[in-house]
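Got your viewer open? Here's a short tour, stop by stop, with something to select at each one.

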Amino acid sequence: MSVFSSDSFDNHEQVIFGSDPETGLQAIIAIHSTAFGPGAGGCRMWPYASEQEAITDVLRLSRGMSYKNAMAGLALGGGKSVIIGDAKKDKTPELMRAFGRFVHQAGGRYITAEDVGMSVRDMEEVGTQTPYVAGLDSGETASGDPSPYTAHGVFFGIKAAVKHAFGEDSVKGLRIAVQGLGHVGYNLCRELAADGATLLVADINEENARRAVDEFGATAVDPAVIALAKADIYAPCALGATINDETVDRIPVKIIAGSANNQLATDHHGVRLAERGILYAPDYVINAGGIMNVANEVAKRKVSHEQAWQDVERIYATLTAIFARARETGEPTSAIADEMARQKIAAAKAVKTGKSQAA
Ligand code: NAD
């Protein structure tokens, strides 16, 4: 089991392992950078096949959060946590409270929220043990479920990509393959359908797929092949690394834009997409809507729903700038976003530590 020598280690500031034998909690918090503020990012519960897999995931996800928060212009650093276990079988209120105490031990350097396998209710449980939690339903500045905001940001990101690639202002008439119809995917489908898209959908949970078929007139597709479905746009909204050696040369779309974190199995797959002329919306840029709203809660800012909804639409401009630079330089959009994020973080760190960047 390795952390420092892991390929996914990127000079993370801190990695903390926590366990609680009474509840069966086994969790890891990774804080990638606090240059812009406390490391903020959701908690994922997943039945990882090995501890190494959990470490790799939390290292990659937390770096993604640093990049995401920097690109969204938030006063937050990057962190993430994982709980090893099956959310359907192993999650109990006691386990969530034990996790809350674990988060509290990080002393505010890490702020948690929901991610895959977690709900707002779980975060309320965490909140009984620590103030370092966001995405709550109750409280003066509670921001609630971040997922609709994430979906709204992805919708605007897709619109930015459509404008860049097709010169169109709406998704009307476009075929969009949505993989994963959970908190984000479902809300995204609603906005896409309302704007006139034709939806192909897949979820390993059949009930979720049926709901999208019934409510949005979508066509259900086998989850095993949704990434390769004949469509204009592929929107990965389930888990990461769906753009990999198996799929990268076979995905038949013009645009890839969805909410999943870590969509590219490796950086090389971003290069390959650019070579194939597929416009890729960097995941941590397009999926920042939820954290943009959560940032108000962390800062204890009271912002109306309408204002928060509109703020998320900034993602359109950020992506448009990345796409424009990609067209100018021929570089992959993924590499351009990474470079922009790294520069922002380095500049913030230099200010924080009082060092000039050249030093
Ligand atoms: P969720 O758990 O609510 O939904 C995920 C859905 O994907 C589930 O319905 C699940 O059954 C389905 N799924 C899992 N594996 C699948 C597969 N192989 N094929 C098809 N469907 C599959 O999670 P969510 O909150 O909707 O998040 C979705 C993705 O977006 C995740 O990668 C998450 O990290 C990312 N994300 C979420 C938010 C947010 O605000 N919730 C913010 C940023 C990024």
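Before the first stop, one term: a polar contact is a pair of N or O atoms within 3.5 Å. Keep in mind, too, that what you have on screen is a predicted model.

**Stop 1: the ligand's polar contacts**

Select the ligand and valine 184. Here a backbone N or O atom of valine 184 sits 2.8 Å from one of the ligand's oxygen atoms, so the pair falls within the 3.5 Å limit for a polar contact. Now add aspartate 203, where a side-chain N or O atom is 2.6 Å from a ligand oxygen. Serine 259 is next: an N or O atom in its side chain lies 2.9 Å from an oxygen atom of the ligand. How much of the ligand does the protein bury? On its own, the ligand exposes 820 Å², and the protein buries 86% of that.

**Stop 2: the shell around it**

Widen the selection to the 24 residues around the ligand; Thr150, His183, Val184, Asp203 and Ala238 come nearest. Colour this shell by class and you'll get ten nonpolar, ten polar and four charged residues. Show the helices next: α5 (147-166) and α6 (183-194) each supply at least two residues of the shell.

Why does the ligand lie between two domains? Colour domain 1 (14-66 + 76-126) and domain 2 (147-288 + 315-342) separately: both give residues to the shell, so the ligand lies between them.

**Stop 3: a six-stranded sheet**

Switch to cartoon view and look for an open sheet of six strands, paired in parallel, in the order β9-β8-β7-β10-β11-β12. Pick out β9 (219-220) and β12 (279-280) at the edges: each has a single partner strand, so one side of each is left without a neighbour in the sheet. Then select β7 (residues 175-179) and β8 (residues 198-202), which run parallel and are joined by five bridges. For a pair to zoom in on, arginine 175 stands opposite threonine 198 in β8.

**Stop 4: two unusual backbone angles**

Most residues other than glycine have a negative phi. Select asparagine 11, in the segment before β1 (14-20). Asparagine 11 isn't a glycine, yet its phi is positive, at about 50 degrees. Is this residue buried or exposed? Asparagine 11 is exposed, with a relative accessible area of 66%.

Last selection: lysine 300, in the loop between α10 (289-298) and α11 (305-312). Lysine 300 also isn't a glycine, and its phi is positive, at about 55 degrees. With 64% relative accessibility, lysine 300 counts as exposed, since the cut-off for that is over 50%.

How values were computed. Residues are numbered from 1 along each chain as its sequence is written. This is a predicted model: local features need pLDDT of at least 70, side-chain atom pairs count only at pLDDT 80 or more; totals for chains, interfaces and linings use all residues. Side-chain values use heavy atoms; hydrogens and water are left out. A residue is near a molecule or strand if one of its heavy atoms lies within 4 Å of it. A polar contact is a pair of N or O atoms within 3.5 Å; within protein, one must be able to donate a hydrogen and the other to accept it, and residues adjacent in sequence count only if both atoms are side-chain atoms. Accessible areas come from the Shrake-Rupley method with a 1.4 Å probe; for residues, only the protein chains shown count as cover. Helices (H or I, at least four residues) and strands (E, at least two) are DSSP runs, numbered from the N terminus. Ala, Val, Leu, Ile, Met, Phe, Trp, Tyr, Cys and Pro count as nonpolar, Asp, Glu, Lys and Arg as charged, and the others, Gly among them, as polar. Domain bounds come from an automatic or database domain assignment. Two strands pair if DSSP finds at least two bridges between them. Buried means under 20% relative accessible area, exposed over 50%, partly exposed in between (1.4 Å probe, protein chains only).
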